[in-house]
Amino acid sequence: MAYDEQNIFARIIRGELPAIKLYEDDQVIAFMDIMPQADGHALVIPKVPAVTLLDLPPEAAAYTIQIVQKVAQAIEKALDAKGIVLMQLSGEAAGQTVPHVHFHLIPSSIHQLGRHAAQMGDQEKIKTLAEKIKAQL
Ligand code: AMP
C-alpha cells in the first residue's frame, strides 16, 4: 500500500497536528492515544514513512522496539501497571485505522480492553496521565 503523506500520524510527525507527547527523538515519537482503550494508552511510532510493520525497515523496527520498552517501563512505574498489552495492527483487515505503523502500549488486561478507536477520552485526564509517565522517562 502506498504511503499517504497526509495521514494523521505523518501530520503529527511534521508538527502540523498537536499530540500529547511523551517522548521524541530524531527517529521516534511516543504520544498518548486520544481514544484510549484504558487509562495510560500510549502509542510509539517510528518517523520513517511505513504503513505497516511489514513495510518497516528492520533497523527502524529494532530502534522503535527499544523505545517501546522504555515507554512501557515508564508506564509501569508511573501508573503502577500490573500488566501492559503491546498491540500492533498491520492492515485494515486487522483493524488498523491510521496508515502509519505504530505500537500501542495499553496498561490493561487483554480481557478488559475498551473498544478500539471508539470514543474520545477526557483530554485533561489524558494530559495528567501523560505528565506522570513523562516524569518516569
Ligand atoms: P490503529 O487502529 O491500530 O491504526 O490505531 C490508531 C490509534 O490512533 C487509535 O487507537 C486511535 O484512537 C488513535 N488516534 C487517532 N487519531 C489520533 C490522534 N490525533 N492523536 C492520538 N491518537 C490518535
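How many residues sit between E1 and E2 in the hairpin they form? Three. This is a predicted model, and besides that hairpin there's a ligand to look at, sitting in the largest pocket. Here's the rundown.

**Around the ligand**
- The ligand has 17 residues surrounding it, and the closest are Asp33, Thr97, Val98, His104 and His116.
- Sorted by type, the shell comes out as ten nonpolar residues, six polar ones and one charged one.

**Polar contacts and burial**
- His102 brings an N or O atom of its side chain to 2.9 Å from an oxygen atom of the ligand.
- For His104, also listed among the closest residues, a polar side-chain atom lies 2.9 Å from a ligand oxygen.
- Gly95 joins in through its backbone, with an N or O atom 3.2 Å from an oxygen atom of the ligand.
- As for burial, the ligand would expose 500 Å² if taken alone, and the protein buries 94% of that.
- Two elements give two or more residues to the shell around the ligand: helix H1, spanning 8-13, and strand E2, spanning 28-32.

**The hairpin**
- Strand E1 covers residues 21-24 and pairs with E2 in the antiparallel sense, over three bridges.
- If you want one bridge to find on screen, try Lys21, whose partner in E2 is Phe31.
- So what else does E2 do? Besides its place in the hairpin with E1, strand E2 is one of the elements giving two or more residues to the ligand shell.

Notes:
Residues numbered from 1 in each chain as written. Predicted model: local features only at pLDDT ≥ 70, side-chain atom pairs only at ≥ 80, totals over all residues. Heavy atoms only, no water. Near = heavy atom within 4 Å. Polar contact = N/O pair within 3.5 Å; in protein donor to acceptor, adjacent residues only side chain to side chain. Areas by Shrake-Rupley, 256 points an atom, 1.4 Å probe, with all protein chains shown as cover. 1 Å grid on protein atoms, 1.4 Å probe; cavity = no way out; pocket = protein on both sides within 12 Å on 5 of 7 lines; lining within 4 Å. Sits in = over half its atoms within 2 Å of the grid points. Helix = DSSP H or I, 4+ residues; strand = E, 2+ residues; numbered from the N terminus. Nonpolar A, V, L, I, M, F, W, Y, C, P; charged D, E, K, R; others polar. Pairing = 2+ DSSP bridges.
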